[in-house]
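Trainee: Could we go through this one together before I set anything up? I'd like to start with how the chains meet and then look at the sheets.
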Amino acid sequence: MNAGQRTVAMGDSLTIYAVAELRNKLLQELATCRDLVLDMDAVAEVDAAGLQLLVALKHQALFDGCELSLVNHSAELRQALELFGLNSFFGDPQLIPAKE
Amino acid sequence: MAKTVMVVDDSISLRQVVSIALRGAGYAVVEACDGSDALKKLGSQRVNLVISDVNMPNMDGISFVKALKQDPQHRFTPVIMLTTEAEAAKKAEGQAAGAKAWVVKPFQPAQMLDAVKKLIAA
Amino acid sequence: MYANDELDSLLKVLLQECIELHQQLESGLLQLEQNPGDQEAVNSIFRAVHTIKGSAGLFDFAAIVTFTHVVESVLADVRDQKQAPDSDLIGLLLAACDVIGVMIDRLIAGRGSLSEEEQRNAATIEIWLQHRLQDTREPAAPAVAATAQAEAEVLPGRAGSGKVWHISLRFGADTFRSGFDPLSILGYVATLGKLVNVTSLTEQIEPLAQLDPESCSWGLELDLDSDASREQIVGAFEFVRDDCKVTILPPSCQLQQYVEFIRSMPNQELRLGEILVASGVLSQVELDEALHTQSGDAEIADARKPLGEIVREHAHVDGSVIDAALVKQNQAKVARQRESSHVKVQSEKLDALIDLVGELVIASAGANVVATQHGAAQMIEAASRISELVENIRDSALHLRMVEIGETFNRFNRVVRDVSKELGKDIELQIGGAETELDKTFVEKIGDPLTHLVRNAIDHGIEPAEARLAAGKPAKGMVRLNACHDGPHIVIEISDDGAGLKTERILAKAVEKGLVAANANLSQREIHQLIFEPGFSTADQVTSLSGRGVGMDVVKSSIEALRGAIEIDSRQGEGTTFRIYLPLTLAIIDGFLISLANSFFVIPLDTVVECVEFPAQQFDSGYLKLRGEVLPLLDLRSMFDIPGSRARRSSVVVVRTVTTKVGVIVDALHGEQQTVIKPLGRLFGGLRGISGSTILGTGEVALILDVAALVADQTRRSREGEAA
C-alpha cells in the first residue's frame, strides 16, 4: 500500500466516450493512494459528462477522506470549468496556468 | 481544433449548401451520400456531429441513426435529422432511433448553423 | 383527409392566390428597382414569396418550395440590409420571379413538372441566388446576434443593464445518451448575451463509486444579461426539451415595456396568445404547451380555465401584461367589425347570378307591360317600384364584376422595362386612372391588345435618344397608360411622346399594298386608320419585337369584339395616343327599341343622340340635312331584307359612333328598354352589324344593332362606290 501522493496524467479525452473507462481507472487509483493528483495538461476534449466525472471523483474523494487536486489545467478544461461556474469547486491553483 | 460535422444526404446540391455554410462557420465537414456510405466513411473516426437526411437510397436516415447509436464508437454522437413537415411520423421514428435534433426542410443556412451551435460549440 | 373535389377546389383557390402573389412579387421588384430604399416594397415582395412557398408546401409542390425558399432567403438578406438591391440582384430576382410564374403556370395546366430546359434555367438561377446568399453568409455572419439586434429595436429602451433573465435547467438522465452536451448548450446560451452568473448544482451528483457516468444528473442556474427575445432564449433549449426541465423567468423590469408594446401594436385581430408571442412575453413553444394544458384540463375538469390564467400560472407572465393583451384583443375585434373585408367568389357563381339578374330584368319588363295593359293604377305602381329595385340590383350585380384597371396597368411596368432594355431605350411608364373600374372580362381580354400597343409605342413610337435630343426632347422617353370614365364608355389611352405617325409613309405603304387608290383623297385621320388594315406594317426595320404575328388589325378586331372601338390621335413630332373605348359592361345595356314592320331592333341607348321625323322626300340622296349638318342614312330595311315598304311616318334615330354620326331610318320608336344581351350563337356569330339578341318582355326577340360596324360597312360601301 502506497499512502503517499500519486500523480496521474489524464488523457486527451474527457468526454462521454471516455467516462466509463475513466471511472473504473480513477476508482482504482483512488483506492491505492491518499493524495491523488491529476495532471490535466493533455485534456483537449471535455464535455459535461467529463466534468460530471470529475465532480463525482471529488465527492468520492471527500467520502473516502482522500486528497484530490487537479494541476496543469489545459485551456479547454479551464474554459469548461469557468463556463460551468466551477472555478473554485476543486479548490485548485488553476489560476496559474501550466502553459499558455 | 475545428470540430467535424458529417453531412449525409443523397442530394449533392443540398449537401453542398450545408457544407458551405458549415465550413464558413469554421467546422470541418465530411460528406456522405447515404447511410451505408456514412457508416463506411465514419469507421472508427469519430465526428462531433452528424447531419442526416431521412429519405436516402441504400440505407435511409432512420436505419443509419439506429446503426450509429448501436456502435460504441459513435453512440453518443449527436444527430440532426433533416425532416420535412410532412414527415411527422418519420420524425418520431428518428427521435426514437436516437436523433434528438431536427431541422425542417427547407431551411436557411443560418437556421442550420443555429441548430448545429445548439449541439456543439464551434 | 380531404375528399378529392374538396382538395381540387382548395387547389384552385390556392393557385389563383399564387397568380396574384406572383404579380405582387413582380410589381414589387420593379418598384424596388425604381427606389432601392423602398422598405415597404421589400416587405411586400418578401411576404409574397413567403406565402407562395407556404401555399406550395401545403400541396407538396416541392419544386416551388425549394426554389422560392432560396428566393426568400435572398430577400431576407435584402430586408435585413445585408445585401443591397442593386440592379444585378433585381435582374436575378426578376428572373427568379419568371421561374416561379412558369412553375405556377405548369400547375394550372395540370402538368407539375418543368421541361428539361426550364429546369436547367431554374437551377442556374437558384445557384446564382445561392451565390448571392453566400456572399453575405460566408464571413460567418453571426445570424443570431443580428436577429437579437433586430429584436432589440422592437422594444426601444431595452438596451442597457437590468435585462437579466433567470434560467433554471435540470438535465434528465438520458441527456448524454441523446447526444446532448450541457456544456455546448451553455456555450450557445452564452452567445445570446452575457452569462453574469452560472451555478452548477453538483450536490446530487453521486460519488464515483455509485455514479453511472453516462447518466446525466447535472443542474444549472443561470443569469443571462441579454437583449435576445424570449423566443430566442427558449430556442436554445429547443432540442433538449424532452430531456431537460427548463424554467425561464423574464427580466421583471421589462414587464411595463411589454404592456406598452402590446398597446402600441396596430389594431389587427390577434389572438391573445399570438399577442403575447409577438410581444415577446411568451414563446410559441410555451404558448403551445399552455394551449395543450387547456385542452387537457377540459377532459378532466368541467370548467375550462381561460388561456390567460393558464399562461399566467405556467409561464410566469405578469398579470398586467395579460390584461393589456386582453384589452388589445377586444379593440382588434371592434376594429374588425368596422373594417370591410374581401370575400373570394368563384367567377362562375358571379356569372350565374348576373344571368339570373338578366332574366329578372326581362321578367320585370314583362310585368310592366302586363300592368300597363291592365291599366290598374296600383298594379302599375307596384310594377314600376319593382323595376326600380331590379335596376338597382342589376347595377349592384354588375358592379360585382368590376375590378380596378390598376393591376392590369402595373403589369406593364415589366413590359416597358424589358422592352426598353432590349432596345436600349430609356423609357418611363406613367400610369393614370388606376382606380378606374371595368368589367373583369375586359381586364382579361384587353391585356394582349394593350401589350401590343405598348410594345409598338416603345419600338416604333419613341425615337432613339439621339433623335430625341436633336428634336429638343428629354432623352428619356415616356409611355403613359391612362384610364377614365367618359359617359357610357371606359376610355383607355396609350400615349407616347415619340415622333408621331408618319402620315406620308403610311399612305405610301397603303398604296403599295393596294389598300387604297393612289389618288384617293384621304384625311389625316383616315390615313392613320389604315394601320388597322390587315397585313399593314411600316417598320423600316423589323426588330425582334415586331413580326410577332400580331398586327394592328388583330388589335382592332379584338377590341371590336368587346363592343369597343379604337382611335388614333397622332401629332408629328409630338407623339401618338391610341384611345380605346369600351362599354361599361358586356352583359346588360340600356337599349332603345325600334321596329321595322314586325322586326324589332335594339340600338344601345348610349349611342342614340336624338330622334327626328323623317322627311320622306329626302331619302333618295342617302343623306339627311339636319340643322346644317349632313347626316348619312342607314336603311335597315334594305340591309336586312325586311319586307314591306317604308311606313308613312318614318323616323330617323340619330346615332353616334366614336368617329361619326349617322341616321337610322325606322318605322316605329318604342322607347327605352333594359336589354340583356344574349350571344347569337355560333351560326350567326359572323353576322356583321348585329352584336347579339335579346328577349323582350312580350316574349319577342329583338336584334341588337352594332352601330359602329354598320357605319363602317356603310362608309366602305360609299368609298367603293366613289372609287368605282
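Mentor: We will take the contact between two chains first and then the sheets in each of them, keeping in mind throughout that this is a predicted model.

Trainee: Okay, how many residues does each side bring to the contact between chain C and chain A?
Mentor: Chain C contributes 27 residues and chain A contributes 24 residues. The area buried between the two chains comes to about 2,100 Å², and carbon and sulfur atoms account for 72% of that area.

Trainee: Which three residues of chain C supply more of the area it buries against chain A than any other three?
Mentor: Those are L183(C), L208(C) and W218(C), which together supply 34% of the area that chain C buries against chain A.

Trainee: And which elements of chain C give two or more residues to that side?
Mentor: They are helix 7 (182-191) and strand 2 (194-201) of chain C. Sorted by class, the side of chain C that touches chain A holds 15 nonpolar, seven polar and five charged residues.

Trainee: With charged residues there, how many salt bridges cross between chain C and chain A?
Mentor: The rule finds zero salt bridges across that interface, although 11 residue pairs, both members at pLDDT 80 or more, are in polar contact between chain C and chain A.

Trainee: Switching to sheets: what's the strand order in the five-stranded open sheet of chain C?
Mentor: The order is 6-8-9-11-10, and the pairing in this sheet is mixed. Strand 6 (427-432) and strand 10 (565-571) of chain C are the edge strands, each pairing on one side only, and from one strand to the next the twist averages 15 degrees.

Trainee: How many bridges hold strand 10 of chain C to strand 11 of chain C, and in which sense do they pair?
Mentor: Strand 10 and strand 11 (residues 575-583) of chain C are joined over seven bridges in the antiparallel sense; if you want a residue pair to look at, D569(C) has T577(C) in strand 11 as its bridge partner.

Trainee: Which strands does helix 16 of chain C lie across?
Mentor: Helix 16 (residues 406-423) of chain C lies across strand 6, strand 8 (477-486) and strand 9 (489-496), and it runs at about 170 degrees to strand 6.

Trainee: What about strand 21 of chain C, which strands is it bridged to?
Mentor: Strand 21 (residues 701-705) of chain C runs parallel to strand 13 (residues 599-604) of chain C, with three bridges joining them, and V602(C) is partnered there by I704(C). Strand 21 also pairs with strand 20 (residues 690-695) of chain C, in the antiparallel sense and over five bridges, with L703(C) as the bridge partner of S693(C).

Trainee: Now chain A: what's the order in its three-stranded open sheet, and why is one side of each edge strand left without a neighbour?
Mentor: The order is 1-3-5 with parallel pairing. Strand 1 (5-9) and strand 5 (67-71) of chain A each have a single partner strand, so one side of each has no neighbour in the sheet. The twist there averages 20 degrees from one strand to the next.

Trainee: Where do helix 1 and helix 2 of chain A sit on that sheet?
Mentor: Helix 1 (residues 16-31) of chain A lies across strand 1 and strand 3, at about 165 degrees to strand 1, while helix 2 (residues 48-64) of chain A touches strand 3 and strand 5, its direction making about 150 degrees with that of strand 5.

Terms used: Residues are numbered from 1 along each chain as its sequence is written. Chains are lettered from A and ligands numbered from 1 in the order in which they are written. This is a predicted model: local features need pLDDT of at least 70, side-chain atom pairs count only at pLDDT 80 or more; totals for chains, interfaces and linings use all residues. Side-chain values use heavy atoms; hydrogens and water are left out. Contact means heavy atoms within 4.5 Å. Buried area is the accessible area (1.4 Å probe) that two parts lose on being put together, summed over both. A salt bridge is a side-chain nitrogen of Lys or Arg within 4 Å of a carboxyl oxygen of Asp or Glu. A polar contact is a pair of N or O atoms within 3.5 Å; within protein, one must be able to donate a hydrogen and the other to accept it, and residues adjacent in sequence count only if both atoms are side-chain atoms. Helices (H or I, at least four residues) and strands (E, at least two) are DSSP runs, numbered from the N terminus. Ala, Val, Leu, Ile, Met, Phe, Trp, Tyr, Cys and Pro count as nonpolar, Asp, Glu, Lys and Arg as charged, and the others, Gly among them, as polar. Two strands pair if DSSP finds at least two bridges between them. Axes are lines fitted to C-alpha atoms, for helices over the stretch in contact, and angles run from 0 to 180 degrees between N-to-C directions.
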